[in-house]
Amino acid sequence: MPDFYGEKISSSLLLGTAQYPSPKVLAEAVKMSGAEILTVSLRRESSSGGSSGKFWELIRDLNVKVLPNTAGCHSVKEAVTTAKMARELFGTDWIKLEVIGHHDSLQPDVFGLVEAARILSEDGFKVFPYTTEDIVVGEKLLEAGCKVLMPWCAPIGSAKGPVNPDALKAYRAHFPDVPLVVDAGLGRPSHAAQVMEFGFDAVLLNTAVAKAGDPVAMVEAFSRAIAAGHLAYKAQPLEPRDMAVPSTPVIGMAVFE
Amino acid sequence: MRVLIRGAGVAGMSLGYELTRRGAEVTIADISNGLSGNASWLAGGMLAPWCERENAEEKVLTLGRKSIDWWTELAPGLVTHHGTVVVAPPRDLSELSRFAGRTSGYEWLDGEELASLEPDLEGRFSKALFFRQEAHLDPRHALTRLKEKLEMLGVQFVFSSNTATVDADIEADCTGMASNNAELRGVRGEMMILQTSEVALSRPVRMLHPRIPVYIVPRENNHFMVGATMIESDDDGPISVRSTMELLNAAYSLHPAFAEAKIVETGTGVRAAYFDNLPRVTVAGRKISMNGFYRHGFLLSPHFASEAADRIFEALQEKDFETHN
């Protein structure tokens with residue numbers, strides 16, 4: 001089970017809180033998912049950034065750990081300011097760091113991300129960086145003080161699932177001891193099962209659940225898929241091969257080869 | 001029976017109408033100095049329960065569809081029965097299929113069929129959804145007409161006051177966020193009104209986008225209402241730069257001629273909503289509350305006003321019964 005900055009978490013599902021039909025549906029989805037960590041966005045969900053409104057109360061009432069994020073921030077300065085506001089508002093030094101490079105593709109600006117991660121880590125934050133699957137960027141983030149990495153598997157909200165599975169497997173192999181969370185791009189439970197089979201520690205979901213026809217049923221499907229994928233990873237699945245292998249030993253027959 | 005209603009938005013006035021129809025003597029008090037002080041004044045005025053079903057519970061459709069007849073009967077000429085068109089930019093076409101999957105009561109249009117409904121959109125979209133049964137109204141006309149009608153029926157209006165002391169049998173709170181009900185939360189909505197003679201639309205057009213779905217509703221004098229953001233906040237301060245850009249982008253991608261339109265108004269209102277985003281009528285002794293209309297004031301007020309009026313009369317009858325025994 002994942003260990004984020006020394007905190008053991010028993011659920012491999014992290015859930016975002018935006019875009020649900022109502023707070024009631026959000027609360028039901030959280031309950032169904034068993035998620036222990038919820039991400040909340042300061043910029044996207046509240047206009048003045050610092051207002052602690054009823055929505056935050058509702059989230060606090062769910063009794064889960066809050067992972068505030070810097071969604072919508074396009075510069076290092078903006079992300080750092082937002083992180084500090086979040087620390088004050090939620091009383092946590094956890095921060096999901098997003099520095100967006102392009103407002104349309106929502107691709108992370110990995111240069112700004114590394115810089116912001118360094119500034120925040122030095123300031124005592126525990127940074128969860130939303131990054132690409134680039135291994136070198138991952139190394140720079142670790143050097144900057146991150147102890148968790150959160151690569152995307154496809155663009156935010158695209159629901160495409162792992163578009164580059166080999167890169168994700170290489171990422172896992174390269175960072176065997178770093179908690180890895182797939183953040184962004186998952187659309188279906190099978191996608192989540194797939195990345196958990198690769199050995200990722202957790203997945204972060206929002207749109208795929210919130211905008212499903214029935215978010216509560218969808219999050220249930222996801223949590224089962226995540227459990228299945230994780231179990232499969234631990235059970236060491238077979239590697240694919242090019243040739244058929246008979247499942248029944250063929251004894252006593254001559255084999256010419 | 002005398003009833004004091006606080007709040008002259010669409011909820012308060014609909015309730016006033018339903019109560020007056022049942023023979024009550026009604027006074028409506030509002031803290032602002034006129035109708036324009038309410039969130040209802042900034043509404044889109046779409047009577048679009050089939051479209052709303054995309055993200056709302058079935059109840060919004062079943063109860064909301066009745067509002068089309070209610071408003072039509074209230075004032076001739078107020079409601080335009082031209083349906084709703086839903087489109088998506090080419091790269092977000094999957095949003096259109098998703099929308100169709102969540103809703104009913106539509107037909108698919110190709111580019112030519114869309115152009116025959118909305119000639120100015122010719123060549124701009126290859127596919128669209130058409131919700132034929134939907135309608136729209138101008139909320140400012142609707143509120144003004146409703147007030148005139150209520151005055152004709154003898155309803156008293158008291159503006160710029162929340163301390164109206166009327167000797168009432170029942171007090172009804174329809175003040176939305178001002179009601180200080182701890183269960184209500186604010187959902188900020190920002191809108192703007194554009195003016196251009198270079199584009200004409202006959203019906204509301206919804207422009208789907210994964211992050212911010214926007215609607216553009218035509219009004220008289222070449223005005224177009226563009227709205228509305230949905231932000232979990234009770235901040236009613238001026239519209240933000242981000243929201244302005246997103247609303248304008250949507251208008252511009254619907255038709256580039258909007259680039260030359262004038263921005264004649266921007267506005268921010270705070271919708272009051274319960275946990276499930278559905279309105280509630282609650283009765284506690286002589287006090288009744290009808291709030292939490294979220295983004296469905298014009299759509300759901302007729303039904304809930306009627307329900308609240310029935311419950312007020314029932315409550316009074318029970319009380320009479322008790323005193324007579």
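This is a short working chat about salt bridges, a charged patch and helix packing in a predicted model.

Trainee: How many salt bridges does a search of the whole structure find?
Mentor: The count is 30, taken over all chains. Remember that this is a predicted model.

Trainee: Start with chain A. What does Glu220(A) form a salt bridge with?
Mentor: Its partner is Arg224(A). The closest N and O atoms are 2.6 Å apart.

Trainee: How are those two placed in helix H10 of chain A?
Mentor: They sit four residues apart in that helix, which spans residues 215-234, so about one helical turn separates Glu220(A) and Arg224(A).

Trainee: Is Arg224(A) buried or exposed?
Mentor: Exposed, because its relative accessible area is 57%. Glu220(A) has 26% relative accessibility, so Glu220(A) counts as partly exposed.

Trainee: And Glu98(A) with Lys96(A): buried or exposed?
Mentor: Both are buried. Their side chains meet in a salt bridge at 3.0 Å, N to O.

Trainee: Why can such side chains pair at all?
Mentor: Opposite charges can pair when the charged atoms come close.

Trainee: Over to chain B. Which side chain meets Glu58(B) in a salt bridge?
Mentor: That of Arg53(B), with an N to O distance of 2.7 Å. Glu58(B) is partly exposed because its relative accessibility is 41%. Arg53(B) also counts as partly exposed, because its value is 26%.

Trainee: Which residues do shared salt-bridge partners join into one network?
Mentor: Glu18(B), Arg21(B), Arg22(B) and Asp310(B).

Trainee: New topic. Which residues form the negative surface patch?
Mentor: Asp110(B), Glu112(B), Glu113(B) and Glu122(B).

Trainee: Where is Glu113(B) found?
Mentor: In helix H6 of chain B, residues 111-117. Glu113(B) is partly exposed because its relative accessibility is 38%.

Trainee: Gly111(B) lies in H6 of chain B too. What does Gly111(B) touch, leaving out residues up to four places away in sequence?
Mentor: Phe125(B) and Ser126(B).

Trainee: How many residues apart in sequence are Gly111(B) and Pro90(B)?
Mentor: They are 21 apart in sequence. In space, C-alpha to C-alpha, the distance is 12 Å.

Trainee: Last one, helix H5 of chain B. Which of its residues are buried?
Mentor: Glu95(B), Leu96(B), Arg98(B), Phe99(B) and Ala100(B). The helix covers residues 93-102.

Trainee: What do those buried residues pack against?
Mentor: One helix and three strands of chain B. The helix is H2 (49-52). The strands are E5 (84-87), E6 (107-110) and E7 (127-131).

How values were computed. Residues numbered from 1 in each chain as written. Chains lettered and ligands numbered in written order. Predicted model: local features only at pLDDT ≥ 70, side-chain atom pairs only at ≥ 80, totals over all residues. Heavy atoms only, no water. Patch = residues over 30% accessible without salt bridge, like charges linked within 9 Å, V, L, I, M, F, W, Y side chains within 5 Å. Areas by Shrake-Rupley, 256 points an atom, 1.4 Å probe, with all protein chains shown as cover. Salt bridge = Lys/Arg side-chain N within 4 Å of Asp/Glu carboxyl O. Lys, Arg positive; Asp, Glu negative; His and termini not counted. Charge placed at Lys NZ, Arg CZ, Asp CG, Glu CD. Buried < 20%, exposed > 50% of the residue type's maximum accessible area, 1.4 Å probe, protein only. Contact = heavy atoms within 4.5 Å.
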